[in-house]
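Reader: I have the sequence and the structure open side by side and would like to go through a few spots with you. Could we start?

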Amino acid sequence: MSSELPDGYATQEVNHLTLAYFAVAGLSLLRELDRVNKDQIAKWILSFQVHPEENDDLDNGQFYGFCGSRTTKFPSNLVKDPCHNGSHLASTYSALATLKIVGYDVLNLDSNVLLLSMKKLQQPDGSFMPTHIGAETDLRFVYCAAAICSMLKDWSGMDKEKAKEYILNCQSYDGGFGMVPGLESHGGGTFCAVAALYLMGFIQVDLASNLRESAAIDVQLLLEWCLQRQAADGGFQGRRNKPSDTCYAFWIGGVLKMIGAYHLIDHGALRGFLLTCQTCYGGFSKFPDDELPDIYHSYYGLAALSLLGEEEVEPLCAELGIIAAAL
């Protein structure tokens, strides 16, 4: 595999592994994984895993997951980390998801070390830092931790009750979720909150049960907020008074799928919006008027079409962001 990114993505080198996830996951949705060497991809991803040098290293507070790129293994004058361990929760999620997509059994990994060190990233309020050297804590990393535990079939890497309490504190007055407590409701944050709760078993699989039973969150208010995000052009906006954006067709659509309410949206209008975002190059752009596609919106455009049941697109497991066949 090439070690360099295309020029247009060079500034995203630290997210190399996540970009690879978008590419491989997109190919899987198109049923075109035969175009790549899956064993080679798995070997390449495994080379990003960080292992402790000694057993005693497990007590040094570091996270032993996956680095996002080769450059994160180099020392930096800006980071006070003499071990140069760039393990990151988002990169670890991307690594495990991609490995599952290409058919690698992630249960063969040394998950004990990964999960034991990941649990130390959980904060007293239930949130997670993405890396042991310190960074922002928000719903993105609670979701990553839950998805990692789910894919490894081992929940020893997090305190689910503490994580649930943090998520509940992020639900806003209007039903959506802010990235942290007190912030405006946001489509991405709402997906991370609901998907984490879903993976942890705190949300039912059908709408009637979620509305009837005493749920962990206010499902009725959440449902109203999500349905209000479908705009007149058929697309979904991530926040109030924002334009429709390709990726939110997945972020909001995935939430509705998980709570059993996806049938309540206008499917035809959404499909029409998504097709206006497909460019002449094949990929998807953020907005209908954008001329150039990008890998991020191309993947989420396909993911949204999968949720819609598009015949030529592989069915998707929304809560994990991988094709259902990879489960």
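Reader: Where is Leu 320 found?

Author: In this predicted model, Leu 320 is in the loop between strand E1, residues 316-317, and strand E2.

Reader: And is Leu 320 buried or exposed there?

Author: Leu 320 is buried, with a relative accessible area of 5%, which falls below the 20% cut-off for that label.

Reader: Which residues does Leu 320 touch, leaving out those up to four places away in sequence?

Author: On that basis Leu 320 touches Tyr 93, Tyr 143, Ala 147, Ser 150, Met 151, Leu 199 and Leu 327. Taking Ser 150 as one of these partners, the two residues are 170 residues apart in sequence, while their C-alpha atoms are 8.6 Å apart in space.

Reader: Tyr 93 is on that list, so let me turn to H3. How many residues of H3 are buried?

Author: In H3, 12 of the 13 residues are buried, so the helix is largely enclosed by the rest of the structure. Tyr 93 is one of the buried residues, which also include Leu 89, Leu 96, Leu 99 and Ile 101.

Reader: What do the buried residues of H3 pack against?

Author: They pack against four helices and a strand, namely H1 (16-29), H2 (38-46), H4 (111-119), H5 (139-152) and strand E2 (322-323).

Reader: What span should H3 have, and how far apart are its end C-alpha atoms?

Author: At 1.5 Å a residue, the 13 residues of H3, 89-101, should span 18 Å, and the end C-alpha atoms are 18 Å apart, which agrees. Just after the helix, Gly 103 takes a positive phi of about 95°.

Reader: Changing topic to cysteines, how many disulfides are there?

Author: The count comes to zero disulfides. Cys 144 is in none, the nearest cysteine sulfur being that of Cys 192 at 7.0 Å, and Cys 144 counts as buried at 7% relative accessibility.

Reader: What about Cys 170, and why is there no bond for its sulfur?

Author: The closest cysteine sulfur to that of Cys 170 is in Cys 192, and at 10 Å it is too far for a bond, given that a disulfide needs the two sulfur atoms within 2.5 Å. Cys 170 also counts as buried, at 1% relative accessibility.

Reader: Now the charged pairs: how many salt bridges does the structure hold?

Author: The structure holds 10 salt bridges. Among them, Glu 161 pairs with Lys 164, with the closest N and O atoms 3.5 Å apart. Both residues lie in helix H6, residues 160-170, three residues apart, which is about one turn of the helix.

Reader: Why does that spacing suit a helix?

Author: An α-helix has 3.6 residues a turn, so residues three or four places apart point the same way. As for exposure, Glu 161 is partly exposed at 43% relative accessible area, whereas Lys 164 counts as buried at 15%.

Reader: Which salt bridge links distant parts of the chain?

Author: Glu 184 forms a salt bridge with Arg 239, the closest N and O atoms being 3.4 Å apart. Glu 184 sits in the loop between H6 and helix H7 (187-200), and Arg 239 in the loop between helix H9 (219-227) and helix H10 (248-258), 55 residues apart. Glu 184 counts as partly exposed at 46% relative accessibility, and Arg 239 counts as partly exposed at 29%.

Reader: And which residues are joined into one network?

Author: Salt bridges that share partners join Glu 136, Asp 138 and Arg 140 into one network.

Key. Residues are numbered from 1 along each chain as its sequence is written. This is a predicted model: local features need pLDDT of at least 70, side-chain atom pairs count only at pLDDT 80 or more; totals for chains, interfaces and linings use all residues. Side-chain values use heavy atoms; hydrogens and water are left out. Helices (H or I, at least four residues) and strands (E, at least two) are DSSP runs, numbered from the N terminus. The expected span of a helix is 1.5 Å times one less than its number of residues. Buried means under 20% relative accessible area, exposed over 50%, partly exposed in between (1.4 Å probe, protein chains only). Contact means heavy atoms within 4.5 Å. A salt bridge is a side-chain nitrogen of Lys or Arg within 4 Å of a carboxyl oxygen of Asp or Glu.
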